[in-house]
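Here's a quick walk through a protein chain and the DNA that goes with it. Have a look at the model first, then read on.

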Amino acid sequence: MRIATWNINGIKARLDVVKAWLEQEQPDIVGLQEIKSLDENFPREVFEGLGYNVETHGQKSFNGVALLSKLPFDEVVRGLPGDSADEQARLIEGTFSSESGSFRVCCIYLPNGNPVESEKFPYKLKWMDRLNAFVEDRLAEEIPFVLMGDFNLIPTGHDCHDPNVWWGDALFRPESLEKFRTLQNLGMTDALRATTDAPAYTFWDFQSGAWRRDAGIRIDHLMLSPEAADRLDGVRVHRDLRGWDKPSDHVAVEGQFSF
DNA sequence: ATGCCGGGTACGACCCGA
């Protein structure tokens with residue numbers, strides 16, 4: 001099973017690139033973030049034409065997440081529980097059946113949180129608390145659970161080109177890292193770091209020639225329950241996507257699993 | 001760099017991202 005996450009930065013602007021990548025790679029399940037589209041405007045027929053079932057959780061202009069799957073969905077969850085007043089579309093989860101039983105794949109677009117002095121930063125921290133509570137419930141099920149997406153979080157100084165540039169940013173500061181560490185301490189494994197110690201950036205800013213300078217950061221992650229980590233065969237960062245025409249500023253990250 | 005690019009909305013700028 002090949003499961004991938006990708007922040008595409010707008011489905012309308014990225015449709016040709018996403019379609020070409022799916023045709024080339026044929027992943028089984030893909031989580032997309034920042035579709036920036038209402039559900040009714042998402043080009044689901046394009047993906048259905050490629051053999052995918054499509055579930056979306058969109059909103060106008062900003063955010064929005066989607067799941068594409070060659071397997072049928074047994075169940076779909078839209079939205080992160082814990083705050084009925086939160087209208088930002090940042091989580092969608094599918095449940096699937098394989099020969100070895102059920103598994104869940106959750107696709108998230110974790111809030112950026114900048115600027116730190118604004119209300120956006122406490123929103124990020126509260127969102128991470130809600131996420132950790134959600135994950136606790138999922139872990140209690142003891143089935144393979146893949147939590148993947150744009151976490152807007154740099155796990156360590158080794159995950160960015162220059163820690164001094166990023167330290168203090170909402171993506172790389174103590175309060176954010178503490179919440180991420182809680183997620184790991186609950187029992188969720190960083191799939192990429194389970195396979196390599198090498199740098200593996202997933203985002204390069206459009207500005208400042210970041211791609212040309214390889215001034216990247218690793219903020220797109222697959223976090224695995226023990227039952228998913230036990231079945232992890234490999235991780236691949238689709239770095240070449242950043243060099244395609246009309247690229248997203250993020251690239252896809254894929255995990256391969258034996259289920 | 002309180003904004004270099006690029007996407008959104010909407011058609012002229014302004015909001016947003018990381």
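What radius of gyration does chain A have, and what would a compact globule with 259 residues have?

## Overall build

Keep in mind that this is a predicted model. Chain A comes out at 17 Å, and the globule rule puts a compact chain with 259 residues near 18 Å, so the two agree. If you prefer to think in boxes, the C-alpha atoms fill one of roughly 45 × 45 × 40 Å along the principal axes.

As for the inside, 42% of the 259 residues in chain A count as buried. Look at contacts in chain A with a separation of 6 or more, and 68% of them are between residues 24 or more positions apart.

## Helices, strands and one sheet

Chain A has 6 helices and 14 strands. One open sheet takes 6 strands in the order 5-6-7-8-12-9, and its pairing is mixed. At its edges stand strand 5 (75–78) and strand 9 (189–190); each has a single partner strand, so one side of each has no neighbour in the sheet.

Want to zoom in on one of those edges? Strand 5 runs antiparallel to strand 6 (residues 91–98), and 4 bridges join the two. Within this pair, V76 sits opposite G94 of strand 6.

## Next to the DNA

Which residues come nearest to DNA strand B? They are G10, K12, A13, N112 and S208, out of 22 residues around the strand.

The surface near DNA strand B is a mixed bag: 9 of its residues are polar, 7 nonpolar and 6 charged.

Methods:
Residues are numbered from 1 along each chain as its sequence is written. Chains are lettered from A and ligands numbered from 1 in the order in which they are written. This is a predicted model: local features need pLDDT of at least 70, side-chain atom pairs count only at pLDDT 80 or more; totals for chains, interfaces and linings use all residues. A residue is near a molecule or strand if its C-beta atom, placed from the backbone, lies within 6 Å of it. Ala, Val, Leu, Ile, Met, Phe, Trp, Tyr, Cys and Pro count as nonpolar, Asp, Glu, Lys and Arg as charged, and the others, Gly among them, as polar. The radius of gyration is taken over C-alpha atoms; the globule rule is 2.2 Å times the number of residues to the power 0.38. A residue is buried if 20 or more other C-beta atoms lie within 10 Å of its own, exposed if 12 or fewer, and partly exposed in between; C-beta atoms are placed from the backbone. Two residues are in contact if their C-beta atoms, placed from the backbone, lie within 7 Å. Two strands pair if DSSP finds at least two bridges between them.
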